[in-house]
Amino acid sequence: GTAPGFILNKDGKTVIALPGPPHEMQPMWRDTVEPYLRRLSGEVIFSRTLRFCGIGEAALETELQDLMEHANPTVAPYAKLAEVHIRLTAKAADEEEAQRIIAPVEEEIRRRAGRYLYGIDEETLEVVVGKLLRERGLTLAVAESCTGGLLGGRITNVPGSSDYFLGGV
(Lines give C-alpha, C1' and ligand atoms only; values in the text may rest on other atoms or scores of the structure.)
Protein backbone atom coordinates (compact mmCIF):
# COMPACT_ATOMS: atom_id res chain seq x y z
CA GLY A 1 0.00 0.00 0.00
CA THR A 2 0.89 3.64 0.09
CA ALA A 3 -0.05 4.56 3.66
CA PRO A 4 2.99 5.70 5.67
CA GLY A 5 4.05 4.62 9.13
CA PHE A 6 6.75 6.00 11.40
CA ILE A 7 8.63 5.69 14.68
CA LEU A 8 9.54 8.99 16.33
CA ASN A 9 11.77 9.39 19.39
CA LYS A 10 11.77 12.78 21.10
CA ASP A 11 12.53 13.88 24.66
CA GLY A 12 12.65 10.28 25.90
CA LYS A 13 9.25 9.43 24.42
CA THR A 14 8.47 7.14 21.51
CA VAL A 15 5.53 7.56 19.15
CA ILE A 16 4.67 4.82 16.68
CA ALA A 17 2.10 5.51 13.97
CA LEU A 18 0.83 2.80 11.65
CA PRO A 19 -1.73 2.84 8.83
CA GLY A 20 -5.24 1.55 9.54
CA PRO A 21 -5.75 -0.99 6.74
CA PRO A 22 -4.60 -4.38 8.08
CA HIS A 23 -2.85 -5.40 4.85
CA GLU A 24 -0.67 -2.28 5.12
CA MET A 25 -0.23 -2.25 8.89
CA GLN A 26 0.60 -5.93 9.49
CA PRO A 27 3.85 -6.07 7.48
CA MET A 28 5.04 -2.84 9.14
CA TRP A 29 4.25 -4.30 12.55
CA ARG A 30 5.91 -7.65 11.86
CA ASP A 31 9.00 -6.36 10.03
CA THR A 32 9.72 -3.12 11.89
CA VAL A 33 7.70 -2.30 15.01
CA GLU A 34 7.74 -5.66 16.77
CA PRO A 35 11.54 -6.11 16.44
CA TYR A 36 12.01 -2.48 17.53
CA LEU A 37 9.92 -2.98 20.68
CA ARG A 38 11.71 -6.24 21.48
CA ARG A 39 15.08 -4.48 21.35
CA LEU A 40 13.75 -1.76 23.64
CA SER A 41 12.26 -4.03 26.30
CA GLY A 42 14.41 -7.14 26.07
CA GLU A 43 11.21 -9.17 26.48
CA VAL A 44 8.54 -10.70 24.31
CA ILE A 45 4.85 -10.78 25.01
CA PHE A 46 3.16 -13.91 23.71
CA SER A 47 -0.57 -14.59 23.75
CA ARG A 48 -2.71 -17.63 23.05
CA THR A 49 -6.48 -17.42 22.73
CA LEU A 50 -8.69 -20.33 23.77
CA ARG A 51 -12.16 -20.26 22.19
CA PHE A 52 -15.21 -21.63 24.00
CA CYS A 53 -18.80 -22.23 22.93
CA GLY A 54 -21.77 -23.48 24.97
CA ILE A 55 -20.79 -21.70 28.20
CA GLY A 56 -21.37 -18.08 29.17
CA GLU A 57 -18.67 -15.64 30.19
CA ALA A 58 -19.82 -15.48 33.83
CA ALA A 59 -19.89 -19.27 34.22
CA LEU A 60 -16.47 -19.69 32.61
CA GLU A 61 -15.04 -16.85 34.68
CA THR A 62 -16.33 -18.51 37.87
CA GLU A 63 -14.70 -21.78 36.82
CA LEU A 64 -11.34 -20.06 36.22
CA GLN A 65 -11.41 -17.28 38.85
CA ASP A 66 -8.30 -18.40 40.76
CA LEU A 67 -6.30 -18.62 37.51
CA MET A 68 -7.21 -15.03 36.66
CA GLU A 69 -5.21 -13.86 39.68
CA HIS A 70 -1.92 -14.91 38.00
CA ALA A 71 0.48 -12.15 37.05
CA ASN A 72 2.44 -14.15 34.49
CA PRO A 73 0.70 -15.49 32.55
CA THR A 74 -2.40 -13.36 32.74
CA VAL A 75 -5.77 -15.02 32.11
CA ALA A 76 -8.43 -12.71 30.69
CA PRO A 77 -11.98 -13.57 29.55
CA TYR A 78 -13.62 -11.83 26.58
CA ALA A 79 -17.30 -12.25 25.73
CA LYS A 80 -17.93 -12.56 22.01
CA LEU A 81 -21.10 -13.15 20.02
CA ALA A 82 -22.18 -16.73 20.95
CA GLU A 83 -18.77 -17.61 22.38
CA VAL A 84 -16.17 -16.70 25.00
CA HIS A 85 -12.44 -16.23 24.49
CA ILE A 86 -9.83 -16.71 27.18
CA ARG A 87 -6.58 -14.94 26.37
CA LEU A 88 -3.42 -16.22 28.05
CA THR A 89 -0.53 -13.75 27.90
CA ALA A 90 3.02 -14.26 29.15
CA LYS A 91 6.11 -12.07 29.26
CA ALA A 92 9.48 -13.76 28.89
CA ALA A 93 12.94 -13.43 27.37
CA ASP A 94 11.79 -15.24 24.23
CA GLU A 95 8.67 -16.82 22.72
CA GLU A 96 9.71 -20.35 23.64
CA GLU A 97 9.94 -19.43 27.34
CA ALA A 98 6.60 -17.57 27.15
CA GLN A 99 4.97 -20.71 25.73
CA ARG A 100 6.44 -22.76 28.59
CA ILE A 101 4.95 -20.30 31.09
CA ILE A 102 1.51 -20.55 29.46
CA ALA A 103 1.48 -24.36 29.04
CA PRO A 104 0.56 -25.46 32.60
CA VAL A 105 -2.17 -22.82 32.91
CA GLU A 106 -3.62 -23.79 29.54
CA GLU A 107 -3.55 -27.43 30.62
CA GLU A 108 -5.48 -26.56 33.79
CA ILE A 109 -8.07 -24.57 31.83
CA ARG A 110 -8.52 -27.53 29.48
CA ARG A 111 -8.96 -29.83 32.48
CA ARG A 112 -11.66 -27.62 33.99
CA ALA A 113 -13.55 -26.42 30.91
CA GLY A 114 -12.22 -28.45 27.99
CA ARG A 115 -15.62 -29.80 27.03
CA TYR A 116 -16.55 -26.26 25.88
CA LEU A 117 -13.23 -25.57 24.13
CA TYR A 118 -13.53 -25.69 20.35
CA GLY A 119 -10.52 -23.81 19.02
CA ILE A 120 -7.23 -22.04 19.59
CA ASP A 121 -6.02 -18.64 18.40
CA GLU A 122 -7.55 -17.92 14.97
CA GLU A 123 -9.57 -21.14 14.59
CA THR A 124 -13.18 -20.10 14.03
CA LEU A 125 -16.16 -22.29 14.84
CA GLU A 126 -17.01 -22.73 11.16
CA VAL A 127 -13.44 -23.86 10.37
CA VAL A 128 -13.46 -26.40 13.22
CA VAL A 129 -16.91 -27.72 12.28
CA GLY A 130 -15.83 -28.03 8.63
CA LYS A 131 -12.69 -29.92 9.65
CA LEU A 132 -14.75 -32.36 11.73
CA LEU A 133 -17.29 -32.88 8.94
CA ARG A 134 -14.51 -33.58 6.44
CA GLU A 135 -12.66 -35.97 8.81
CA ARG A 136 -15.84 -37.94 9.47
CA GLY A 137 -17.06 -37.97 5.89
CA LEU A 138 -20.25 -36.12 6.83
CA THR A 139 -22.18 -33.42 4.99
CA LEU A 140 -24.31 -30.53 6.12
CA ALA A 141 -27.34 -28.71 4.73
CA VAL A 142 -29.23 -25.89 6.46
CA ALA A 143 -32.75 -24.50 6.46
CA GLU A 144 -32.73 -20.85 7.56
CA SER A 145 -35.49 -18.37 8.16
CA CYS A 146 -34.77 -15.55 10.59
CA THR A 147 -31.02 -15.74 9.99
CA GLY A 148 -31.45 -14.85 6.32
CA GLY A 149 -28.64 -17.12 5.19
CA LEU A 150 -26.06 -16.02 7.75
CA LEU A 151 -25.30 -19.59 8.85
CA GLY A 152 -24.78 -20.78 5.28
CA GLY A 153 -22.67 -17.68 4.69
CA ARG A 154 -20.37 -18.43 7.60
CA ILE A 155 -19.95 -22.01 6.44
CA THR A 156 -19.23 -21.11 2.82
CA ASN A 157 -16.65 -18.48 3.85
CA VAL A 158 -14.33 -21.39 4.62
CA PRO A 159 -12.26 -22.47 1.60
CA GLY A 160 -13.15 -26.02 0.54
CA SER A 161 -16.55 -25.98 2.25
CA SER A 162 -18.15 -27.41 -0.89
CA ASP A 163 -16.61 -30.75 0.19
CA TYR A 164 -19.15 -31.02 3.02
CA PHE A 165 -21.74 -28.24 2.60
CA LEU A 166 -24.66 -29.28 0.39
CA GLY A 167 -26.49 -25.96 0.50
CA GLY A 168 -29.31 -24.16 2.22
CA VAL A 169 -32.94 -23.26 1.83
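These legends walk you through several close-up views of a predicted model. Residues are numbered from 1 along each chain as its sequence is written, and side-chain values use heavy atoms, with hydrogens and water left out. Because the model is predicted, local features need pLDDT of at least 70 and side-chain atom pairs count only at pLDDT 80 or more, while totals for chains, interfaces and linings use all residues.

**View 1. The whole chain has five helices and eight strands.**
Helices (H or I, at least four residues) and strands (E, at least two) are DSSP runs, numbered from the N terminus. Starting at that end, the elements follow the order β-β-α-β-α-β-β-α-β-α-β-α-β. The radius of gyration is 20 Å, well over the 15 Å that the globule rule gives for 169 residues, so the chain is more spread out than a compact globule. Here the radius is taken over C-alpha atoms, and the rule is 2.2 Å times the number of residues to the power 0.38. Along the principal axes, the C-alpha atoms fill a box of roughly 65 × 45 × 30 Å. Buried residues make up 30% of the 169 residues; buried means under 20% relative accessible area, exposed over 50%, and partly exposed in between (1.4 Å probe, protein chains only).

**View 2. Four strands form an open sheet in the order β4-β5-β3-β6.**
Their pairing is antiparallel, and two strands count as paired if DSSP finds at least two bridges between them. Which strands stand at the edges? They are β4 and β6 (117-120), each with a single partner strand, so one side of each is left without a neighbour in the sheet. A general point helps here: strands of a sheet pair through backbone hydrogen bonds, either parallel or antiparallel.

**View 3. Strand β5 (residues 83-92) is largely enclosed by the rest of the structure, because eight of its ten residues are buried.**
Look to one side and you meet β3, which pairs with β5 in the antiparallel sense over nine bridges. There, R51 stands opposite H85 of β5. Seven bridges join β5 to β4, and these two strands also run antiparallel. In this pairing, P77 has I86 as its bridge partner, and A76 has R87. A hairpin with two residues between the strands links β4 and β5, and A82 in the turn has a positive phi of about 70°.

**View 4. T49 is found in strand β3 (residues 44-52).**
Is T49 buried or exposed? At 18% relative accessibility, T49 counts as buried. Leaving aside residues up to four places away in sequence, T49 touches H85, I86, R87, G119, I120 and D121. Contact means heavy atoms within 4.5 Å.

**View 5. C53 and C146 are in a structure that holds zero disulfides.**
A disulfide is a pair of cysteine sulfur atoms within 2.5 Å. Why is C53 not bonded to C146? The closest cysteine sulfur to that of C53 is in C146, 20 Å away, and this is too far for a bond. C53 is partly exposed, with a relative accessible area of 31%, whereas C146 is exposed at 83%.

**View 6. A71 lies in the loop between α2 (57-64) and β4 (74-80).**
This residue is exposed, with a relative accessible area of 68%. Now find P22, which is 49 residues from A71 along the chain. The C-alpha atoms of A71 and P22 are separated by 30 Å.
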